[in-house]
Each structure stands twice: as structure tokens, then as C-alpha cells.
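Okay, thanks everyone for coming. I'd like to walk you through one model today, so let me put it up on the screen.

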Amino acid sequence: RCRAKGMSSMEVDGEKKGEKKDGVVLKKIKIDDNPENEGAFMKLSAHRFRLTSPKSSKESKAKDWEEFMVGVQRFNAVAVYEAVCKEIGNAPDAAILKKMNAEIAAKIAEMDAAIAEAKDLEGDSEVREGMMAKAQILARTDSKEVAVKAYAEAEALPKTTSGQRLDIELNLIRIGMFWSDIPLVDKHVKAAQILVDKGGDWERRNRLKVYEATYLLSIRSFKKAADLFLASISTFTAVELYDYKQFVFYMVISATVALDRKVVRESVIHAPEILAVVDDAPAIKDMMNSLFHCNYADLFKALVDVVAQLHLDQYMAPHAKFFLRQARVVAYTQYLESYHTVSMASMAGTFGISVTFLDSELADLVACGRLSCKVDKVKGVVCSNRPDSKNALYQTTIKQGDALLNRIQKLSRVITI
């Protein structure tokens, strides 16, 4: 409603409401509780990453810059604007900075006045709401340190409930993600988990799963991330982080290299929630289906497009090469499970690669222990050594049993003496 009337984001984010108490009109600042607005702000971090990435083309950077500046002026995001200008070597527009700083100063002064009135004439709830609204504005306009301090002050208020503390932790996690501060994210993910364990509603629990999964993805813990993403398919509401299409992208990426083929088929490929949006992402759709249907040449072609997208993603870019290698390991392992011996020429043809490349890659993966096979260069074949898990478990049990018996015998001698 306010947007349609042409009001600025600052006016929408901190809407004033006049209330009378003992004949005095009180100013009240309302926090912006629309998650889509927060999601739009979080996109500035993605734009920043692509603007500073050497993998992004000039045309893409020009488009990102245009969208970035729209978001900067919508939220008066001075801190990230100045950071990006410094990183890409552009001088900030003095007129834009002056305008944004003036709006921020006026808004903060307005909020401080409202908070002061609330302290004098109202209760803790109104004071907390005003401080949370101020912290939100500072998170969007000022530096990371200033935003963290503002939320800490809000959390320190008396009578803060566990639900309110959890909301603050989620805000702090987003601040860490926005500025790519992994230690800050780790700290507040752990703090949020403690609060959830003590008691939290399902909506906050489900949102925390997505936050934690995104954090795990950024530190290359794909298996745990995939499990949390799968648990959030039907309950996804964390649009303040990213939209559902991006959520599906991360889930398919993590599931492809971390989950069993049976789980991927039942929980990803045949999931109606995934099928509803996966057509909008042809690269991950082709990768997912070609791996499941054993079309390995198509898989390798799809991986080229997928990895190109990963290089431009702020969470996955550091792990793009690892993902490519891991996806190929999954494909080679799946292929070799069907054979005891297969010629290298036949295998190379199936994957659409040269024999020389296949020989080099298999030698590297076998030496690292990533593949259970042997390469016979003389005969030009690959011999698969399918691991026998039951036999390995038996041998491990025997070894551990022998070690335990030896320790018991030594202990019995001491006791006898």
C-alpha cells in the first residue's frame, strides 16, 4: 500500500503511528516485518559478490550494477555501496551519498526520539520494538559492527523472551552472511540452536534449518546441508534469505554429491515441490536427471553450466572446483559399480571424454583413494574393486576384539598381583 503511493523504503520500514497517552501524542516506530523486503536487501550481497568476481562478464556486471544501485537507494545502503565502490575502483557518487546520509540521520533521530518517549511514557515492549526497528535500519545502512552492537543492545533489554532472542540471532546470522563473515555466522548459528533446544515455535525452527543448511553449504559440509535442505522442502519460509528457486538450486547441488542415489530419486527427483520449479533451472535439471538415468556424457555437459553458476554464487564459489571433482567421482563410482572390468575406450566414450583425460583423472582419483578400482594401462582396461562392506566390518570387529582381549589380559595380570 505504501509502496504504491510512492513512499520511500525508509518510510515503509519504520512506519510512524501516533498514540495518545494521558493527552500526549506518542511517536511509535514499527519494524519492517515483511520478509520479502529483507530478501531484496540480501540480494545486494549477491550483487556485490558478482561485481567483484573475475568470472562475471562485463555485460553481467553492468546489469548487476544497475540492480545494485536500485537496491542501494531503496534501502539507503551506504556501507555496502562504499565497500563495493572501493573494491571495484569506482568513486562513490557524492550527491547520492549526501542524500542517503541525510535520510538516515533524520530517520535515526526520529527513532531515538520515539525510543526516549517510550522509555518515559510506555513499557518495555514498546522500547524493544523501537530498538529493534533502529537495529534493522542500522543493519541495512551502516557497517557490520554497528549493526551487531545495535542488536546486542536490544537483546540486553529486560524481559526479552526466548522467541525474541531467537529472532535477534537470526538477524545476526543474516548480517554475517551479508558481509561473508563465517565466524560470526558460526557463532550465532550455535547460539540459535541452543535457544531452539530450550523451546521454539515451528516457524522459527524451520527457518533456522535453512539458515544452518546455508551456513553448512558455505563451509563445504554438503551432507549435513543436504539433510537440512530436504527437511525444509515443504516448510520453506526463509524468503528473507533467498527465494524458493535458489533454495531448490542449493538443495539439488548438495544432494547430488552427498546423498545416495535412492534418496535422491525419492526425495529430490520425484518431489513435487522440486518438479514445480526445476524447469526454470535447466542446468541443474539436466545434471540431476542425467546422473540418475546414467547419461554420463550429458551429465558432463550439464556440469559445465552448473559450475559456471557456482562460480558466481557467493556461498558456493569457493567450492566450485571441489563440487566438480566430487560430482565426477560420484559418476565414475556409479558407472563402475556395474562392471568388474571395462575398457578405457568404452568408458571414455560413455562419458564423452578422451582416453588420455580419463587415464589421468582415474590415476589421480585412485591414488587419493577416491575410487576403488585399478587401471591396467597395458591392457587398456579398468578393473573395479567393489568394496565389501560386510567383510570390512567383520575384519574391523576382529581387530577391535583382539585389541580388547589384549587389554583385558594385561589388566588381569595387574589385578592378580
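I'll go through a small sheet, then some salt bridges, and then a couple of spots elsewhere in the chain. One thing to keep in mind throughout: this is a predicted model.

Let's start with the sheet. It's an open one, with 3 strands in the order β3-β5-β4, and the pairing is antiparallel. Which strands sit at the edges? Those are β3, residues 341–343, and β4, residues 373–376, and each of them pairs on one side only. On average, neighbouring strands here are turned by 20° against each other, if you ignore direction. As a reminder, strands of a sheet pair through backbone hydrogen bonds, either parallel or antiparallel.

Now take the β3 side. β3 pairs with β5, which covers residues 381–384, over 3 bridges in the antiparallel sense. If you want to find the register on your screen, look for T341: its bridge partner in β5 is C383. Then V342 stands opposite V382, also in β5.

Over on the other side, how many bridges join β4 to β5? There are 4, and the two strands run antiparallel. Here V375 has V382 as its bridge partner in β5. So keep an eye on V382, please: on one side V342 stands opposite this residue, and V375 is its bridge partner in β4's pairing with β5. β4 and β5 also make a hairpin, with 4 residues between them. If you click on G380 in that turn, you'll find a positive phi of about 70°.

Okay, on to charges. Side chains of opposite charge can pair when their charged atoms come close. In this model the count comes to 22 salt bridges, and I've picked three of them to talk about.

The first is R140 with D32, where the side chains meet at 3.2 Å, N to O. This pair links distant parts of the chain: R140 is in helix α6, residues 124–141, while D32 is in the loop between β2 (24–30) and α2 (35–51), and they're 108 residues apart. Are these two buried or exposed? R140 has a relative accessible area of 3%, so this arginine counts as buried. D32 comes out at 9%, so the aspartate is buried too. And the pair isn't on its own, by the way: D32, E38, R140 and R174 are linked in a network of salt bridges.

The second is E203 with R207, with the closest N and O atoms 3.6 Å apart. This one is within a helix, α10, residues 202–218. Why do I call it a one-turn pair? Because E203 and R207 are 4 residues apart in that helix, which puts about one helical turn between them. As for burial, E203 is partly exposed at 39% relative accessibility, whereas R207 is buried at 12%.

The third is R328 with E361, and here the closest N and O atoms are 2.4 Å apart. Again the pair links distant parts of the chain, with R328 in helix α17 and E361 in helix α19, residues 355–367, 33 residues apart. Helix α17 itself runs over residues 320–336. R328 has a relative accessible area of 16%, and the cut-off for buried is under 20%, so R328 falls on the buried side. E361 is at 10%, so that end of the pair is buried as well. What else is R328 in contact with? Leaving aside its neighbours within four places in sequence, the contacts are F300, L303 and, of course, E361.

Two more stops and then I'm done. If you turn to the surface, L404, L405 and I408 form a nonpolar patch, and together they have about 290 Å² of accessible area. I408 is in helix α20, residues 389–416, and it's partly exposed, with a relative accessible area of 46%.

And finally, have a look at E117, in helix α5, residues 94–121. It counts as partly exposed at 25% relative accessibility. How far is E117 from V127 in space? They're 8.7 Å apart, C-alpha to C-alpha, and 10 residues apart in sequence.

That's my tour. Happy to go back to any of these on the screen.

Methods: Residues are numbered from 1 along each chain as its sequence is written. This is a predicted model: local features need pLDDT of at least 70, side-chain atom pairs count only at pLDDT 80 or more; totals for chains, interfaces and linings use all residues. Side-chain values use heavy atoms; hydrogens and water are left out. Two strands pair if DSSP finds at least two bridges between them. Axes are lines fitted to C-alpha atoms, for helices over the stretch in contact, and angles run from 0 to 180 degrees between N-to-C directions. Buried means under 20% relative accessible area, exposed over 50%, partly exposed in between (1.4 Å probe, protein chains only). Contact means heavy atoms within 4.5 Å. A salt bridge is a side-chain nitrogen of Lys or Arg within 4 Å of a carboxyl oxygen of Asp or Glu. Patches are made of residues with over 30% relative accessible area and no salt bridge: like charges are joined within 9 Å, nonpolar side chains (Val, Leu, Ile, Met, Phe, Trp, Tyr) within 5 Å. Accessible areas come from the Shrake-Rupley method with a 1.4 Å probe; for residues, only the protein chains shown count as cover.
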